[in-house]
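Me: I should like to go through this protein model by question and answer, beginning with its charged contacts. Please define each term when it is introduced.

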Amino acid sequence: MSRPIARVLALLEILQSGGIQTVAHLADRLDVDERTVRRYVGHLLDLDVPVESVRGRHGGYRLGSGYRMPPLMLSDDEALAVLLGLIAGRRAGLMPAAGTASGTASETAAAKIRRVLPDRLAGRLDAVLGSLAFTSPPGGSAAAPETGVLLSIADAVRHHRPILIRYAGADGRRSERTLHPYGLVAHSGRWYVRGVDPAIGEDRTFRLDRITSARVLPGAFERPAGIDPAEDVLTGLATAPYRHEVTLRVRGRAEEIRTRLPAGIATVEETPPASGADKEPDTGMDEVADADAGRWSRVEIRAERLDWLPAVLASLDLPFVIERPDELRDLVEAFARRLVESARRTAPRA
């Protein structure tokens with residue numbers, strides 16, 4: 001590619017970053033004079049790229065809307081972000097399924113970008129996609145990892161290589177450790193890496209946005225069979241030490257309960273149905289104690305606060321028994337009283 005053509009494409013890339021770019025700024029970025037910048041803009045107009053001229057003291061050039069999409073110039077980070085967004089949206093149910101018009105468009109868009117990726121980036125992207133598991137759509141504020149950290153860890157996962165990470169804990173303390181990574185997990189707007197710390201021989205989970213650097217080390221490790229990084233991360237989140245440990249018995253099947261208490265919040269275990277004279281949890285209600293009324297499940301939750309639980313339990317619309325803590329009983333009773341008061345309240349007359 002000759003230098004003038006390369007600079008024309010470089011001009012297009014700068015304009016695609018957004019905003020109004022002054023002629024002086026463009027000349028400095030492209031290492032040419034202002035007259036040449038105007039000539040390059042003319043080349044783009046000849047290619048039907050909608051470049052607009054903005055007059056005035058702070059004028060210059062900007063991209064406008066045209067009748068078709070101009071050539072799109074993406075950096076490595078931008079290409080990775082676009083592809084991960086398309087794939088994550090489809091897997092999280094945020095985009096139409098394949099076969100529909102919109103679903104096909106997302107697939108062809110991803111295919112076009114992947115087709116023109118440099119080999120060095122395409123291989124690393126495949127490493128990310130091959131090692132990534134999705135658990136749920138994002139919730140709350142997202143915490144994006146550094147692109148370099150994500151690519152390095154994905155490469156280590158794919159090739160079973162140990163990796164050296166520098167990590168900043170929630171308390172601000174920094175540490176450096178070696179990890180044998182099993183997989184990447186995207187859960188509720190955050191990214192995690194699951195693996196084993198060979199120094200202590202224990203499985204560990206780290207948030208990628210807290211990893212300040214990651215470097216693949218020489219050698220290789222053998223990945224144990226039957227490892228499920230996504231399930232391990234969810235179990236770890238649900239069983240992490242918190243201020244309150246809540247134990248409930250809920251009359252319902254696990255899939256019903258998990259609609260309101262997903263795996264990242266609670267562990268749910270169905271108990272065998274009672275038979276004969278066996279009794280269900282003592283609720284004081286004959287219809288609940290009846291073994292034919294349904295199956296009970298044991299639910300365990302660890303939480304820093306309890307004030308959100310009464311509303312969630314009410315939304316289950318299933319009988320439940322609070323085993324611990326007693327503080328939750330008081331909160332549920334207070335919540336029930338507020339509901340009753342609201343139900344009985346009448347609107348003031350106009």
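Me: How many salt bridges does the structure hold?
Reply: This is a predicted model, in which local features need pLDDT of at least 70 and side-chain atom pairs count only at pLDDT 80 or more, while totals for chains, interfaces and linings use all residues. Residues are numbered from 1 along each chain as its sequence is written, and side-chain values use heavy atoms, with hydrogens and water left out. A salt bridge is a side-chain nitrogen of Lys or Arg within 4 Å of a carboxyl oxygen of Asp or Glu. By that criterion, the number of salt bridges in the structure is 13.

Me: Which parts of the chain does the salt bridge between Glu323 and Arg249 tie together, and how far apart are they in sequence?
Reply: The side chains of Glu323 and Arg249 meet at 3.3 Å, N to O. Helices (H or I, at least four residues) and strands (E, at least two) are DSSP runs, numbered from the N terminus. Glu323 belongs to strand β12 and Arg249 to strand β9, so the salt bridge ties together parts whose separation in sequence is 74 residues.

Me: Is Arg249 buried, partly exposed or exposed?
Reply: Buried means under 20% relative accessible area, exposed over 50%, and partly exposed in between (1.4 Å probe, protein chains only). Arg249 has 22% relative accessibility, and its partner Glu323 has a relative accessible area of 36%. The class of Arg249 is therefore partly exposed.

Me: Which residues are linked with Arg249 in a network of salt bridges?
Reply: Arg249 has a salt bridge to Glu323. The network also takes in further charged residues. In addition to Arg249, its members are Arg298, Glu300 and Glu323.

Me: What is the order of the strands in the open sheet of 4 strands?
Reply: Two strands pair if DSSP finds at least two bridges between them. The pairing in this sheet is antiparallel, and the edge strands, each paired on one side only, are β10 (266-270) and β12 (320-324). The twist averages 20 degrees from one strand to the next. The strand order is β10-β11-β9-β12.

Me: Which residue of β12 is the bridge partner of Val250?
Reply: Strand β9 (residues 244-251) and β12 run antiparallel and are joined by 4 bridges. The partner of Val250 in β12 is Phe320.

Me: At about what angle to β12 does helix α12 run?
Reply: Axes are lines fitted to C-alpha atoms, for helices over the stretch in contact (heavy atoms within 4.5 Å). Angles run from 0 to 180 degrees between N-to-C directions. Helix α12 (residues 326-344) lies across β9 and β12, and its angle to β12 is about 140 degrees.

Me: How many residues apart in helix α12 are Arg329 and Asp326?
Reply: These two residues form a salt bridge, with the closest N and O atoms 3.1 Å apart. Asp326 is exposed at 52% relative accessibility, whereas Arg329 is partly exposed at 34%. Both lie in helix α12, and their spacing, about one turn of the helix, is 3 residues.

Me: Which residues make the nonpolar surface patch of about 220 Å²?
Reply: Patches are made of residues with over 30% relative accessible area and no salt bridge, with like charges joined within 9 Å and nonpolar side chains (Val, Leu, Ile, Met, Phe, Trp, Tyr) within 5 Å. Accessible areas come from the Shrake-Rupley method with a 1.4 Å probe, and for residues only the protein chains shown count as cover. One member lies in the loop between β2 (60-63) and α4 (76-91), namely Leu72. The patch is made by Leu72, Leu74 and Val82.
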